[in-house]
Amino acid sequence: MRDKLVEFRDVSFRYGEDEPWVLKNCSFHIFINEWVAIIGHNGSGKSTIAKLMNGLLFPQEGEILINGLRVTEESIWDIRKDVGMVFQNPDNQFVGTTVQDDVAFGMENRGIPRTEMIKRIDANLNAVGMQDYRMTEPHRLSGGQKQRVAIASVLAISPQVLILDEATAMLDPKGRKEIMHTVSNLQKKDHLSLITITHDLQEVTLAERVIVMNNGEIWDEATPREIFSKKAELRKIGLDVPFVAILSDELKQLGIPMTDEALNQEELLEDLWTLHSRT
């Protein structure tokens, strides 16, 4: 049985006493070494969930546990040792004058010995393919390079869970693909729990499990294939499904006996090749 790393127990949150509830009685868990995508329309509460996990916000009702420790104002510094977060705009996270300084910043705050810091800087810049840029000023980097450095800076503190809050939203398709390939490899290598909050449907298909938010409540949670099979229901709450899944469904309706609803181009081509081989 897998161990739980993150637990939300009947969590409700609003930004002010006269404001509507952003989250309403939300309960879910995330296992160690699990990749979970959280999706929903704008204002559904998904980014609020990320901030609550990291102790940037605190719920008015319910409780949140990270590694069995309840998230409170007294525990947030211990919590943040286990939870790393990368935001949409990496410029908001840079504090160092060089890439190397930026990766070192979080470790310095935690009193990590210099010899260990040097090892972690090397290891994490190598992991994200940015070793050659260690003395570069962050503002000279491209958007994708900045996001790689932001990820390296978070990984350097050795978190158990990495949260990407729309971290690829400002990148072009090539940059998004490269970042997600890097993150996927790191998640497997370092046994990280990974939480991606995203509008990018291709990113969602990479996750083990998807939590769908709607108007502050959990609408559904299941595998990407199970979630994206509910095309009509998703559209009713303002969400779409991957183009490949739509195409696969259309082929079925035309009488072509697809074996399953494909989620990516490789699965679709495999289905079509299998059908071709039988004819």
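A nonpolar core is a set of buried Ala, Val, Leu, Ile, Met, Phe, Trp, Tyr and Cys residues joined through side-chain atoms within 4.5 Å. Keep that handy, and remember that this model is predicted.

**Exercise 1.** Find the residues that touch the most other members of the largest nonpolar core, then work out which elements feed this core.

*Solution.* Start with the background: in soluble globular proteins, nonpolar side chains tend to be buried together.

Step 1: The largest core here holds 45 residues, and those touching the most other members are Val-86, Val-103, Ile-151, Leu-162 and Leu-164.

Step 2: Several elements give two or more residues to this core, among them β3 (35–40), α3 (99–109), β7 (161–165) and α6 (173–190). The biggest giver is α5, with 6 residues.

Step 3: Zoom in on Leu-164. Leaving out residues up to four places away in sequence, Leu-164 touches Val-86, Met-180, Val-183, Leu-194, Ile-195, Thr-196 and Ile-197.

Step 4: Don't stop there, as a second, separate core has 29 residues, including Val-22, Cys-26, Phe-28 and Ile-211.

**Exercise 2.** Trace the open sheet of 4 strands and say which strands stand at its edges.

*Solution.*

Step 1: Read off the order, β2-β1-β4-β5, with antiparallel pairing.

Step 2: β2 (23–31) and β5 (69–70) each have a single partner strand, so they stand at the edges, with one side of each left without a neighbour in the sheet.

Step 3: Check one pair. β4 (residues 61–66) joins β5 over 2 bridges in the antiparallel sense, and Leu-65 sits opposite Arg-70 in β5.

Step 4: Now add a helix: α1 (residues 46–53) lies across β1 (4–13), β2 and β4, and runs at about 120° to β1.

How values were computed. Residues are numbered from 1 along each chain as its sequence is written. This is a predicted model: local features need pLDDT of at least 70, side-chain atom pairs count only at pLDDT 80 or more; totals for chains, interfaces and linings use all residues. Side-chain values use heavy atoms; hydrogens and water are left out. Buried means under 20% relative accessible area, exposed over 50%, partly exposed in between (1.4 Å probe, protein chains only). Contact means heavy atoms within 4.5 Å. Two strands pair if DSSP finds at least two bridges between them. Axes are lines fitted to C-alpha atoms, for helices over the stretch in contact, and angles run from 0 to 180 degrees between N-to-C directions.
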